[in-house]
Amino acid sequence: EGYTSGELWEGWGAGTINGAFGFHYREDEINDTPAEIIRQGNAWGSSRAGITAGSDTTTALFGELDIPIISNKTGFEQLTLNLSGRWTDVDSYGDDTTYKVGINWQITPSWRFRANTGTSFRTPALFELYLADETSFVQQRFLDPCIQWGGAVDEGRISQRVADNCAATVTEDYPDGLPADYTGGNITATVISRGGFGRLEAETSKSSTIGLVWQPGFANLSVSVDYFDIEVNDQVDQLGTSIPIGCYSSEFFPEDPLCGLFDRSGINSSIENVQDDFINVATQTNKGWDVALQWITDLWGGQFMLDTQHTFQTEAVTALFEGFERDVNGQFGEPEWVGRLWLTSAKNDLSYFWGIDMVGDVSNHESYGNGEYKDDALYRGETVRVVLAADDVFYHTFSATKYFGNDQEWRASLGVRNAFDE
């Protein structure tokens, strides 16, 4: 790898144009050899795996320019354009280009506008490409949500949607659907995993941000508001043994492609094989706003700092497969609001810290009710309330630090996380 950087030319009066250019060359190789007994499949009840071997070569060229456009004009203290690009060639995938374009506009000494848009891509790793066929065995009771689905839905262990989809599962043995007392047949199912050489696409993404920063002259204060739009396509992933429950929980059952990743035996209808290959996850999109504030001031003979950041997510859409999108914004794992607040007070050789991590309320009630709010279920024949929501949560951290030495190069800290046991 090598690069060069420096001043390119004086520009047109707004400032010197700087640039950086370089190249990258890399060779990768993998040779993962399991023990002989594992390769031959002679370890009873254990996994079987082959030799995972392969290699790849990556070549890249990249460059970046920082171009001042206008400076020292009314409404244009400084306007700078940043351009960067990269061409990458990977033997196992082919070549692609990525770019980034950024604008930094200092409108006045106090106000600054910023915007960026760019792309990226990641080729599958060697293990993701060349994993040799690997088998493992999972007990049916940990894999098949349809076992005794009648009792399971009455006891609240599965949702009504899963129960309905189990009842609608037609097999050779059960042409009218799996019965409520279906026992599961075989003890275990075979889970097969393999790499995706020749099938996997590279992960790609595009992100755009646009925002405004205020830094007034009367205080050591910085306030920023940014809008973000991020889309990730073809993320490489393995879905694991959650494939069957994902199929039966899907609002798209039985057309959901997850339902095509496992099969049932023609003898007793038990799950026979699960194909857990590395695959490309179709799309993930996140949009929203980032808000940040930092204020530093003298207080009580020392220094006080307030630093807070918040993200307000307006859209979170995922699709494991193209055409099967799910809006998960506001659900568990995708809260519409997260944030933090840090308060720090320092004087001489002592500092005190109080931090609050914040997670907004979430609810899965509409997802549970197939688009309509639902908070009840049958449990052992009785209707009960199902709690699929959580209120705002605040996690508090406190600490105190004492510094030692002439240059305060030593320190001792005492603190507690989640002080109020949330």
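This note sets out numbered points on the disulfides, selected residues and backbone features of the structure above.

1. **Nature of the model.** The structure is a predicted model. The points below should be read with that in mind.

2. **The disulfides in outline.** A disulfide is a covalent bond between the sulfur atoms of two cysteines. Two such links are present in this structure. When the bonded cysteines are counted along the chain, the pairing follows the pattern 1-2, 3-4.

3. **The link of C146 and C166.** The sulfur atoms of C146 and C166 lie 2.0 Å apart, and the two residues form a disulfide. C146 belongs to the loop between β8 (134-139) and α3 (149-154), while C166 belongs to helix α4 (residues 160-167), so the bond ties together parts that are 20 residues apart in sequence. The angle about the S-S bond is -85 degrees, and the link is left-handed. Are these two cysteines buried or exposed? C146 has a relative accessible area of 0% and counts as buried, because buried means under 20%. C166 is likewise buried, with a relative accessible area of 0%.

4. **The link of C247 and C259.** C247 and C259 form a disulfide with their sulfur atoms 2.1 Å apart. This pair links distant parts of the chain, with C247 in helix α5 (residues 243-249) and C259 in the loop between α5 and β12 (262-264), twelve residues apart. Here the angle about the S-S bond is 100 degrees, and the link is right-handed. Both C247 and C259 are buried.

5. **The surroundings of H365.** H365 is located in helix α6 (residues 365-368). With a relative accessible area of 3%, H365 is buried. Which residues does H365 touch, not counting those up to four places away in sequence? They are E372, Y373, K374, D375, V386, V387, L388 and A389. One of these, V386, is 21 residues from H365 in sequence, and the C-alpha atoms of the two are 8.6 Å apart in space.

6. **Polar contacts of H365.** The side chain of H365 has two backbone atoms to consider. A polar atom of this side chain lies 2.8 Å from the backbone oxygen of K374. The side chain of H365 also reaches the backbone nitrogen of L388, at 3.3 Å. Both K374 and L388 are among the residues that H365 touches.

7. **The surroundings of Q78.** Q78 is part of strand β5 (residues 76-90). Its relative accessible area is 27%, and Q78 is therefore partly exposed, since this class lies between the 20% limit for buried and the 50% limit for exposed. Apart from neighbours within four places in sequence, Q78 is in contact with A14, P68, I70, S71, N104, W105 and Q106. How far apart are Q78 and A189 in space, C-alpha to C-alpha? The distance is 65 Å, and the two residues are 111 residues apart in sequence.

8. **A nonpolar patch on the surface.** L8, W9, W12 and F21 form a nonpolar patch on the surface. Together, these residues have about 460 Å² of accessible area. One member, W9, is placed in strand β1 (residues 2-9). W9 is partly exposed, with a relative accessible area of 47%.

9. **A cis peptide bond.** Most residues other than glycine have a negative phi, and most peptide bonds are trans. The peptide bond from F253 to P254 is cis, with omega near 0 degrees. P254 is found in the loop between α5 and β12. That loop also holds C259 of the disulfide described in point 4.

10. **Positive phi at N72 and Q408.** N72 is not a glycine, yet its phi is positive, at about 60 degrees. N72 lies in strand β4 (residues 52-73). The relative accessibility of N72 is 65%, so the residue counts as exposed. Q408, which is not a glycine either, has a positive phi of about 50 degrees. Q408 is in the loop between β23 (393-404) and β24 (410-416). At a relative accessible area of 36%, Q408 is partly exposed.

How values were computed. Residues numbered from 1 in each chain as written. Predicted model: local features only at pLDDT ≥ 70, side-chain atom pairs only at ≥ 80, totals over all residues. Heavy atoms only, no water. Patch = residues over 30% accessible without salt bridge, like charges linked within 9 Å, V, L, I, M, F, W, Y side chains within 5 Å. Areas by Shrake-Rupley, 256 points an atom, 1.4 Å probe, with all protein chains shown as cover. Salt bridge = Lys/Arg side-chain N within 4 Å of Asp/Glu carboxyl O. Helix = DSSP H or I, 4+ residues; strand = E, 2+ residues; numbered from the N terminus. Buried < 20%, exposed > 50% of the residue type's maximum accessible area, 1.4 Å probe, protein only. Disulfide = S-S within 2.5 Å. Contact = heavy atoms within 4.5 Å. Polar contact = N/O pair within 3.5 Å; in protein donor to acceptor, adjacent residues only side chain to side chain.
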